[in-house]
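Biologist: I am new to this structure. May I ask how its descriptive terms are justified?

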Amino acid sequence: MKVVRLLLTPGRIATLVAMVAIVVLEPTPADAAVALVGALAGLLAILAASQLGLLASVPLVGVRVHRIVLGVGPRLGDWSTPNRTLTVRAIPVVLSVMVRAGRAPVRRRMWASALCSVLAEVAVLVLAVSADSVFMDGFAVACVAELAHSLLPRRSPAGTSTGWLLFRLPWVSTEQARQMEAAPLVGEAIDLAHNGHLAAAEQVAARLRDQYPDLRSALTARMAVLEAQGRYAEAMILAVKLASDAAQRPDEAAGSFAALAGLAAVTVEAGQLDSELGLSTASQALENASTLGYPNYRLNGVRALLELLRGNTKEAIALARLAAGSGDDLLARADDLATLARAHMASGDNQTAREIIGQAEKLASWWPRVARTRSRLEVC
(Lines give C-alpha, C1' and ligand atoms only; values in the text may rest on other atoms or scores of the structure.)
Protein backbone atom coordinates (compact mmCIF):
# COMPACT_ATOMS: atom_id res chain seq x y z
CA MET A 1 0.00 0.00 0.00
CA LYS A 2 1.01 3.59 -0.54
CA VAL A 3 1.08 4.28 3.22
CA VAL A 4 3.70 1.55 3.65
CA ARG A 5 5.87 3.14 0.97
CA LEU A 6 5.53 6.48 2.75
CA LEU A 7 6.25 5.30 6.28
CA LEU A 8 8.82 2.62 5.55
CA THR A 9 11.25 4.33 3.23
CA PRO A 10 14.81 2.99 3.61
CA GLY A 11 15.98 6.03 5.53
CA ARG A 12 13.06 5.82 7.94
CA ILE A 13 13.40 2.15 8.91
CA ALA A 14 16.23 2.89 11.36
CA THR A 15 14.12 5.68 12.85
CA LEU A 16 11.18 3.33 13.43
CA VAL A 17 13.46 0.71 14.97
CA ALA A 18 14.77 3.33 17.39
CA MET A 19 11.20 4.36 18.26
CA VAL A 20 10.22 0.79 19.04
CA ALA A 21 13.37 0.25 21.13
CA ILE A 22 12.60 3.34 23.21
CA VAL A 23 8.92 2.75 23.85
CA VAL A 24 9.33 -0.90 24.81
CA LEU A 25 11.50 0.25 27.70
CA GLU A 26 8.29 1.27 29.44
CA PRO A 27 7.96 -0.59 32.77
CA THR A 28 4.95 -2.75 31.87
CA PRO A 29 3.71 -4.41 28.67
CA ALA A 30 0.53 -2.34 28.89
CA ASP A 31 2.53 0.89 29.04
CA ALA A 32 4.69 -0.27 26.14
CA ALA A 33 1.59 -0.96 24.03
CA VAL A 34 0.16 2.48 24.84
CA ALA A 35 3.49 4.11 24.01
CA LEU A 36 3.66 2.25 20.69
CA VAL A 37 0.17 3.48 19.78
CA GLY A 38 1.28 6.97 20.77
CA ALA A 39 4.38 6.62 18.59
CA LEU A 40 2.28 5.68 15.56
CA ALA A 41 -0.07 8.60 16.23
CA GLY A 42 2.89 10.92 16.64
CA LEU A 43 4.44 9.79 13.37
CA LEU A 44 1.21 10.38 11.45
CA ALA A 45 0.65 13.71 13.22
CA ILE A 46 4.06 15.16 12.47
CA LEU A 47 3.90 13.98 8.86
CA ALA A 48 0.57 15.77 8.53
CA ALA A 49 1.99 18.86 10.26
CA SER A 50 4.83 19.08 7.74
CA GLN A 51 2.32 19.09 4.88
CA LEU A 52 0.04 21.61 6.60
CA GLY A 53 3.10 23.81 7.02
CA LEU A 54 3.59 23.68 3.25
CA LEU A 55 -0.04 24.70 2.78
CA ALA A 56 0.44 27.59 5.20
CA SER A 57 3.42 28.76 3.14
CA VAL A 58 1.18 29.38 0.10
CA PRO A 59 -0.18 32.76 1.25
CA LEU A 60 2.89 33.54 3.37
CA VAL A 61 5.69 33.16 0.83
CA GLY A 62 3.92 33.05 -2.51
CA VAL A 63 4.33 29.44 -3.62
CA ARG A 64 1.60 27.58 -5.49
CA VAL A 65 -0.12 24.33 -4.61
CA HIS A 66 0.30 21.87 -7.47
CA ARG A 67 -1.26 18.73 -5.99
CA ILE A 68 -2.90 17.58 -2.74
CA VAL A 69 -3.54 13.93 -1.92
CA LEU A 70 -5.52 13.04 1.18
CA GLY A 71 -5.44 9.45 2.36
CA VAL A 72 -4.34 6.10 0.98
CA GLY A 73 -6.10 3.12 -0.58
CA PRO A 74 -8.87 3.20 -3.20
CA ARG A 75 -9.50 6.56 -4.85
CA LEU A 76 -12.79 8.22 -3.88
CA GLY A 77 -12.55 11.17 -6.22
CA ASP A 78 -10.48 13.84 -7.97
CA TRP A 79 -11.16 17.55 -8.19
CA SER A 80 -8.99 19.65 -10.46
CA THR A 81 -8.48 23.19 -11.69
CA PRO A 82 -6.12 24.15 -14.53
CA ASN A 83 -3.10 24.26 -12.19
CA ARG A 84 -3.84 21.97 -9.25
CA THR A 85 -5.46 18.68 -8.32
CA LEU A 86 -7.07 17.35 -5.13
CA THR A 87 -7.29 13.58 -4.74
CA VAL A 88 -9.16 11.91 -1.87
CA ARG A 89 -8.55 8.25 -1.02
CA ALA A 90 -10.45 5.90 1.25
CA ILE A 91 -8.26 5.92 4.40
CA PRO A 92 -7.57 9.53 5.48
CA VAL A 93 -4.39 8.95 7.51
CA VAL A 94 -1.78 10.64 5.28
CA LEU A 95 -1.67 14.06 3.67
CA SER A 96 0.64 14.82 0.74
CA VAL A 97 1.12 18.35 -0.62
CA MET A 98 3.21 19.40 -3.63
CA VAL A 99 4.07 23.09 -3.95
CA ARG A 100 6.25 25.04 -6.36
CA ALA A 101 7.30 28.64 -6.88
CA GLY A 102 5.41 30.25 -9.73
CA ARG A 103 7.51 33.40 -9.83
CA ALA A 104 10.91 34.73 -8.81
CA PRO A 105 12.78 34.61 -6.50
CA VAL A 106 12.34 30.85 -6.69
CA ARG A 107 15.06 29.74 -4.27
CA ARG A 108 13.93 32.13 -1.57
CA ARG A 109 10.31 31.04 -1.87
CA MET A 110 11.13 27.33 -1.78
CA TRP A 111 13.48 27.79 1.18
CA ALA A 112 10.78 29.70 3.05
CA SER A 113 8.17 27.02 2.31
CA ALA A 114 10.52 24.38 3.75
CA LEU A 115 10.99 26.52 6.84
CA CYS A 116 7.21 26.73 7.29
CA SER A 117 7.05 22.94 7.09
CA VAL A 118 9.72 22.51 9.77
CA LEU A 119 8.15 25.11 12.06
CA ALA A 120 4.85 23.23 11.90
CA GLU A 121 6.66 20.02 12.88
CA VAL A 122 8.41 21.80 15.75
CA ALA A 123 5.07 23.13 16.99
CA VAL A 124 3.66 19.60 17.18
CA LEU A 125 6.82 18.40 18.94
CA VAL A 126 6.60 21.17 21.55
CA LEU A 127 2.99 20.30 22.31
CA ALA A 128 3.91 16.61 22.62
CA VAL A 129 6.85 17.23 24.96
CA SER A 130 4.77 19.48 27.22
CA ALA A 131 2.24 16.71 27.85
CA ASP A 132 2.81 14.12 30.57
CA SER A 133 1.49 10.64 29.84
CA VAL A 134 2.72 7.30 28.55
CA PHE A 135 0.84 7.83 25.29
CA MET A 136 2.46 11.22 24.78
CA ASP A 137 5.89 9.79 25.63
CA GLY A 138 5.62 7.56 22.59
CA PHE A 139 4.08 10.40 20.60
CA ALA A 140 7.03 12.69 21.43
CA VAL A 141 9.63 10.03 20.58
CA ALA A 142 8.10 9.59 17.14
CA CYS A 143 8.01 13.35 16.60
CA VAL A 144 11.68 13.73 17.50
CA ALA A 145 12.68 10.82 15.27
CA GLU A 146 10.68 12.03 12.28
CA LEU A 147 11.85 15.63 12.66
CA ALA A 148 15.47 14.47 12.71
CA HIS A 149 14.81 12.31 9.65
CA SER A 150 13.21 15.18 7.71
CA LEU A 151 16.18 17.45 8.42
CA LEU A 152 18.68 15.07 6.80
CA PRO A 153 19.69 16.69 3.48
CA ARG A 154 18.97 14.17 0.73
CA ARG A 155 17.66 13.97 -2.81
CA SER A 156 16.38 10.88 -4.57
CA PRO A 157 14.15 10.01 -7.52
CA ALA A 158 11.26 9.86 -5.06
CA GLY A 159 11.70 13.43 -3.84
CA THR A 160 13.72 16.07 -1.99
CA SER A 161 13.89 16.30 1.80
CA THR A 162 13.08 19.38 3.83
CA GLY A 163 16.64 19.34 5.13
CA TRP A 164 18.03 19.58 1.62
CA LEU A 165 15.86 22.61 0.89
CA LEU A 166 16.93 24.28 4.12
CA PHE A 167 20.63 23.49 4.18
CA ARG A 168 21.65 22.86 0.56
CA LEU A 169 19.32 24.94 -1.59
CA PRO A 170 20.87 28.34 -0.74
CA TRP A 171 24.28 27.13 -1.99
CA VAL A 172 23.40 25.10 -5.08
CA SER A 173 25.63 25.00 -8.14
CA THR A 174 25.36 27.52 -10.96
CA GLU A 175 23.54 24.96 -13.11
CA GLN A 176 20.98 24.26 -10.40
CA ALA A 177 20.57 27.99 -9.82
CA ARG A 178 19.75 28.42 -13.51
CA GLN A 179 17.15 25.66 -13.22
CA MET A 180 15.58 27.53 -10.32
CA GLU A 181 15.62 30.72 -12.37
CA ALA A 182 13.87 28.97 -15.26
CA ALA A 183 11.33 27.21 -13.01
CA PRO A 184 8.41 29.66 -13.50
CA LEU A 185 8.68 29.44 -17.29
CA VAL A 186 9.16 25.65 -17.14
CA GLY A 187 6.09 25.31 -14.92
CA GLU A 188 4.05 27.51 -17.27
CA ALA A 189 4.95 25.40 -20.30
CA ILE A 190 4.12 22.13 -18.53
CA ASP A 191 0.83 23.46 -17.12
CA LEU A 192 -0.27 24.72 -20.54
CA ALA A 193 0.66 21.43 -22.19
CA HIS A 194 -1.03 19.33 -19.52
CA ASN A 195 -4.22 21.37 -19.81
CA GLY A 196 -4.42 21.03 -23.57
CA HIS A 197 -3.47 24.61 -24.46
CA LEU A 198 -0.99 23.39 -27.02
CA ALA A 199 -0.49 26.53 -29.10
CA ALA A 200 0.34 28.61 -26.03
CA ALA A 201 2.52 25.81 -24.65
CA GLU A 202 4.50 25.70 -27.89
CA GLN A 203 5.14 29.44 -27.64
CA VAL A 204 6.51 29.09 -24.11
CA ALA A 205 8.58 26.08 -25.20
CA ALA A 206 10.10 28.23 -27.96
CA ARG A 207 11.10 30.82 -25.36
CA LEU A 208 12.72 28.09 -23.28
CA ARG A 209 14.60 26.83 -26.34
CA ASP A 210 15.94 30.32 -27.00
CA GLN A 211 16.76 31.31 -23.40
CA TYR A 212 17.84 27.93 -21.97
CA PRO A 213 18.79 25.69 -24.91
CA ASP A 214 20.60 23.01 -22.87
CA LEU A 215 19.07 23.39 -19.41
CA ARG A 216 17.72 20.08 -18.08
CA SER A 217 14.43 21.41 -16.75
CA ALA A 218 13.83 23.36 -19.98
CA LEU A 219 14.46 20.22 -22.04
CA THR A 220 12.00 18.34 -19.83
CA ALA A 221 9.34 20.99 -20.40
CA ARG A 222 9.91 20.93 -24.16
CA MET A 223 9.56 17.14 -24.08
CA ALA A 224 6.23 17.49 -22.27
CA VAL A 225 4.94 19.90 -24.92
CA LEU A 226 6.06 17.67 -27.80
CA GLU A 227 4.49 14.60 -26.19
CA ALA A 228 1.21 16.45 -25.67
CA GLN A 229 1.27 17.25 -29.41
CA GLY A 230 1.94 13.62 -30.33
CA ARG A 231 5.39 14.48 -31.70
CA TYR A 232 7.01 11.55 -29.96
CA ALA A 233 10.08 11.12 -32.17
CA GLU A 234 11.09 14.74 -31.58
CA ALA A 235 10.51 14.38 -27.86
CA MET A 236 12.58 11.21 -27.81
CA ILE A 237 15.58 13.04 -29.29
CA LEU A 238 15.49 15.36 -26.27
CA ALA A 239 15.01 12.40 -23.92
CA VAL A 240 18.12 10.70 -25.33
CA LYS A 241 20.04 13.94 -24.85
CA LEU A 242 18.97 14.09 -21.19
CA ALA A 243 19.72 10.43 -20.50
CA SER A 244 23.17 10.78 -22.09
CA ASP A 245 24.23 13.66 -19.83
CA ALA A 246 27.35 12.39 -18.05
CA ALA A 247 27.20 15.21 -15.49
CA GLN A 248 23.74 14.44 -14.10
CA ARG A 249 23.21 13.20 -10.54
CA PRO A 250 21.91 9.65 -9.99
CA ASP A 251 18.43 10.90 -9.05
CA GLU A 252 18.34 13.03 -12.21
CA ALA A 253 19.53 10.09 -14.31
CA ALA A 254 16.78 7.88 -12.87
CA GLY A 255 14.13 10.38 -14.00
CA SER A 256 15.81 10.78 -17.40
CA PHE A 257 15.80 7.03 -18.06
CA ALA A 258 12.17 6.71 -16.89
CA ALA A 259 11.14 9.44 -19.33
CA LEU A 260 13.16 7.82 -22.15
CA ALA A 261 11.52 4.44 -21.48
CA GLY A 262 8.04 5.90 -21.72
CA LEU A 263 8.75 7.93 -24.83
CA ALA A 264 10.43 5.02 -26.62
CA ALA A 265 7.35 2.87 -25.98
CA VAL A 266 4.78 5.42 -27.19
CA THR A 267 6.97 6.29 -30.19
CA VAL A 268 6.90 2.64 -31.24
CA GLU A 269 3.16 2.46 -30.66
CA ALA A 270 2.63 5.55 -32.86
CA GLY A 271 4.70 4.02 -35.67
CA GLN A 272 7.35 6.74 -35.42
CA LEU A 273 10.19 4.36 -34.46
CA ASP A 274 11.31 0.88 -35.49
CA SER A 275 9.76 -1.65 -33.12
CA GLU A 276 12.88 -3.67 -32.38
CA LEU A 277 15.03 -0.61 -31.69
CA GLY A 278 12.33 1.14 -29.67
CA LEU A 279 11.46 -1.81 -27.44
CA SER A 280 15.13 -2.53 -26.80
CA THR A 281 15.72 1.12 -25.89
CA ALA A 282 12.67 1.23 -23.63
CA SER A 283 13.58 -2.00 -21.82
CA GLN A 284 17.16 -0.89 -21.16
CA ALA A 285 16.06 2.56 -20.02
CA LEU A 286 13.45 1.01 -17.73
CA GLU A 287 16.09 -1.23 -16.16
CA ASN A 288 18.45 1.71 -15.69
CA ALA A 289 15.74 3.82 -14.04
CA SER A 290 14.86 1.03 -11.61
CA THR A 291 18.52 0.36 -10.78
CA LEU A 292 19.09 4.05 -10.03
CA GLY A 293 16.23 4.08 -7.52
CA TYR A 294 13.25 5.34 -9.49
CA PRO A 295 10.11 4.18 -7.59
CA ASN A 296 9.00 0.92 -9.19
CA TYR A 297 5.29 1.58 -8.77
CA ARG A 298 5.70 4.68 -10.97
CA LEU A 299 7.09 2.52 -13.76
CA ASN A 300 4.07 0.23 -14.01
CA GLY A 301 2.48 2.31 -16.77
CA VAL A 302 5.55 1.94 -19.00
CA ARG A 303 5.77 -1.77 -18.18
CA ALA A 304 2.11 -2.18 -19.13
CA LEU A 305 2.63 -0.56 -22.53
CA LEU A 306 5.73 -2.65 -23.19
CA GLU A 307 3.81 -5.83 -22.41
CA LEU A 308 1.01 -4.69 -24.72
CA LEU A 309 3.46 -3.99 -27.55
CA ARG A 310 4.92 -7.47 -27.07
CA GLY A 311 1.46 -9.04 -27.27
CA ASN A 312 1.17 -10.01 -23.58
CA THR A 313 -2.32 -8.65 -23.02
CA LYS A 314 -3.02 -10.25 -19.64
CA GLU A 315 0.15 -8.81 -18.13
CA ALA A 316 -0.58 -5.45 -19.78
CA ILE A 317 -4.08 -5.33 -18.29
CA ALA A 318 -2.84 -6.15 -14.79
CA LEU A 319 -0.02 -3.59 -14.88
CA ALA A 320 -2.11 -0.84 -16.47
CA ARG A 321 -4.82 -1.33 -13.86
CA LEU A 322 -2.21 -1.05 -11.11
CA ALA A 323 -0.74 2.09 -12.64
CA ALA A 324 -4.09 3.81 -13.10
CA GLY A 325 -5.16 2.95 -9.56
CA SER A 326 -2.02 4.13 -7.79
CA GLY A 327 -1.23 7.31 -9.75
CA ASP A 328 -2.33 10.76 -8.59
CA ASP A 329 -1.34 12.72 -11.71
CA LEU A 330 -4.48 13.08 -13.83
CA LEU A 331 -2.71 13.09 -17.18
CA ALA A 332 -0.62 10.04 -16.31
CA ARG A 333 -3.80 8.26 -15.22
CA ALA A 334 -5.49 9.13 -18.51
CA ASP A 335 -2.49 7.67 -20.33
CA ASP A 336 -2.56 4.50 -18.22
CA LEU A 337 -6.30 4.14 -18.84
CA ALA A 338 -5.62 4.45 -22.58
CA THR A 339 -3.13 1.59 -22.27
CA LEU A 340 -5.69 -0.44 -20.31
CA ALA A 341 -8.36 0.21 -22.94
CA ARG A 342 -5.99 -0.81 -25.75
CA ALA A 343 -5.09 -3.99 -23.87
CA HIS A 344 -8.77 -4.91 -23.59
CA MET A 345 -9.18 -4.19 -27.32
CA ALA A 346 -6.26 -6.50 -28.04
CA SER A 347 -7.96 -9.21 -25.99
CA GLY A 348 -11.20 -8.75 -27.96
CA ASP A 349 -13.21 -6.99 -25.22
CA ASN A 350 -14.22 -3.74 -26.94
CA GLN A 351 -17.13 -3.12 -24.58
CA THR A 352 -14.83 -2.89 -21.56
CA ALA A 353 -12.39 -0.85 -23.62
CA ARG A 354 -15.12 1.70 -24.37
CA GLU A 355 -16.01 2.00 -20.69
CA ILE A 356 -12.38 2.55 -19.75
CA ILE A 357 -11.63 5.08 -22.47
CA GLY A 358 -14.72 6.96 -21.31
CA GLN A 359 -13.07 7.30 -17.90
CA ALA A 360 -9.87 8.53 -19.57
CA GLU A 361 -11.82 11.12 -21.58
CA LYS A 362 -13.20 12.61 -18.37
CA LEU A 363 -9.60 13.31 -17.37
CA ALA A 364 -8.09 14.43 -20.70
CA SER A 365 -10.08 13.69 -23.85
CA TRP A 366 -7.59 15.67 -25.98
CA TRP A 367 -4.52 13.65 -24.89
CA PRO A 368 -3.17 12.02 -28.10
CA ARG A 369 -3.25 8.41 -26.90
CA VAL A 370 -6.76 8.85 -25.47
CA ALA A 371 -8.06 10.47 -28.66
CA ARG A 372 -6.46 7.84 -30.92
CA THR A 373 -7.84 5.00 -28.80
CA ARG A 374 -11.34 6.45 -29.05
CA SER A 375 -10.94 6.77 -32.85
CA ARG A 376 -9.93 3.13 -33.11
CA LEU A 377 -12.90 2.05 -31.01
CA GLU A 378 -15.32 3.97 -33.22
CA VAL A 379 -14.36 1.90 -36.24
CA CYS A 380 -14.39 -1.46 -34.43
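Modeller: Certainly; please note that the model is predicted. We may begin with W367, which has a relative accessible area of 5%. Buried means under 20%, so W367 is buried.

Biologist: What makes W366 partly exposed?

Modeller: The relative accessibility of W366 is 28%. Partly exposed covers the range between 20% and 50%, and W366 therefore counts as partly exposed.

Biologist: Why is the aromatic pair of W366 and W367 called edge-to-face?

Modeller: Their ring centres are 5.6 Å apart, with 80° between the planes. Centres within 6.5 Å make a pair, and planes over 60 degrees apart count as edge-to-face, so W366 and W367 form an edge-to-face pair.

Biologist: Why is the pair of F135 and F139 called tilted?

Modeller: The centres of these rings lie 6.4 Å apart and the planes meet at 40°. Stacked requires under 30 degrees and edge-to-face over 60, so the pair F135 and F139 is tilted. Both residues belong to helix α5, four residues apart.

Biologist: How do you know that C116 is in no disulfide?

Modeller: The nearest cysteine sulfur, that of C143, is 19 Å away from that of C116. A disulfide needs two cysteine sulfur atoms within 2.5 Å, so C116 is in no disulfide. The count for the structure is zero disulfides.

Biologist: What makes C143 buried?

Modeller: C143 has 0% relative accessibility. Buried means under 20%, and C143 therefore counts as buried.

Conventions:
Residues are numbered from 1 along each chain as its sequence is written. This is a predicted model: local features need pLDDT of at least 70, side-chain atom pairs count only at pLDDT 80 or more; totals for chains, interfaces and linings use all residues. Side-chain values use heavy atoms; hydrogens and water are left out. Buried means under 20% relative accessible area, exposed over 50%, partly exposed in between (1.4 Å probe, protein chains only). Rings of Phe, Tyr and Trp (its six-membered ring) pair if their centres lie within 6.5 Å; planes under 30 degrees apart count as stacked, over 60 as edge-to-face and the rest as tilted. Helices (H or I, at least four residues) and strands (E, at least two) are DSSP runs, numbered from the N terminus.
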